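Morning, everyone. I have one model to show, and I will keep to the interface and one helix pair.

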Amino acid sequence: MTTVMQRPTTADDISGEFERVALPHLGAVARFALSLARDAADADDLVQETFLRAFRGWHTYLAGSDARRWLFTICRNAFIRLRQRQARFVESDEGDLDALPAVAEHAQAMGDGRIAALATLDVRPAILAAVDALPEPHHSILVLVDLEEHSYEEAAAVLEIPVGTVRSRLFRARRMVQASLLAHAEDAGLRPMRGDR
Amino acid sequence: MIATTTVDCEAAMRRLWDFLDGTLPPPDLAAIRAHVDECDACRGHVEFERWLLLAIRSARGDVGSLKA
C-alpha cells in the first residue's frame, strides 16, 4: 500500500513545515552561499534569496526528499542568476583530464623536493587559499563534492549538469589546488636549488 | 568499464580520481589496484593524490571562513 504524505494547506501549517524541514539547513546553505559568493554581504543576500524562493516554491518540494539538496539547487541557481546579472559568470570548456602530464608533474615535484617539502609545512592555509582562488565553475564543484560531501550524482543534480562534467571539472579543480600547493612549497623556500641537485 | 583485467599507466591514471573517490565498479577497481600495486611510478602518484584529497577534505570545517 502506498502512503501519500499529506502536505499542509493552511498558511500556518505551511510555515510550520517550512521551519521544521528547511530552516535546519540554514547553516549549510549559508556556508555554501559564502563559498559561492566569496563575499559576506553577497552571501547574505544569496541566503535570503534562497530561502525566499524556497518558501515561495515550497509546494514544489517533494515531502520526505532531501531538503538540503533541494535548497542547494535553489541557492546555486540564484547564484547563477546573480552572476549573469553582473555579467561576470563565464562557462569554460573542460578539455581532457591530462592524466599523463599530471603524473609527469608529480614525478618532477618528487625529484626536485617539493613533495617532501609539503610534508613539513602546515598546508591548511594554503589549501583554503587555493580553494578560494579556484575560478568558476571549478570552485563550486570542489566545494560541493570535497567540502560538502555530495556524491558526483548529487552535485550533478544541484548544478544541473551531466555527471561526466562533474567528474572533469572536479578533477581539474583538484589539479589546480595541487599546482597551488606545489607553488606554495616552492615559495616557502624549501625547494632545493637546481644547482644543489 | 575497463574491458581487460590489466591496464597500463595511462589507463590507470585516467581513472585515478574515480579510484580514490571509490566510484569505480569492482572489476575496474581490481584492475587499477593490481596495476598500482605493481607500478612504482603510479603507486607514488596515487599516494600523493590520496594525501592531497585528504588534505583538501580536512579543510572542510573551514569552508565557511573562505573570504574574497
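Chain B and chain A bury about 2900 Å² between them, with 67% of that on carbon and sulfur atoms; buried area is the accessible area (1.4 Å probe) that two parts lose on being put together, summed over both. This is a predicted model, where local features need pLDDT of at least 70 and side-chain atom pairs count only at pLDDT 80 or more, while totals for chains, interfaces and linings use all residues. Residues are numbered from 1 along each chain as its sequence is written, chains are lettered from A in the order in which they are written, and side-chain values use heavy atoms, without hydrogens and water.

In contact terms (heavy atoms within 4.5 Å), 27 residues of chain B touch 34 residues of chain A. The rule finds three salt bridges across this interface, a salt bridge being a side-chain nitrogen of Lys or Arg within 4 Å of a carboxyl oxygen of Asp or Glu. One of them joins Arg167(A) and Asp18(B), at 2.8 Å from N to O.

Now the helix pair. Helix 8 of chain A, residues 138-147, and helix 4 of chain B have axes that come within 9 Å and cross at roughly 90°; axes are lines fitted to C-alpha atoms, for helices over the stretch in contact, with angles from 0 to 180 degrees between N-to-C directions. The two helices are therefore roughly perpendicular, the term for 65 to 115 degrees. Leu142(A), Asp146(A) and Leu147(A) meet Leu53(B), Ile56(B) and Arg57(B) there. Helices here are DSSP runs (H or I, at least four residues), numbered from the N terminus.

How values were computed
Angles under 35 degrees count as roughly parallel, over 145 as roughly antiparallel, 65 to 115 as roughly perpendicular and the rest as oblique.
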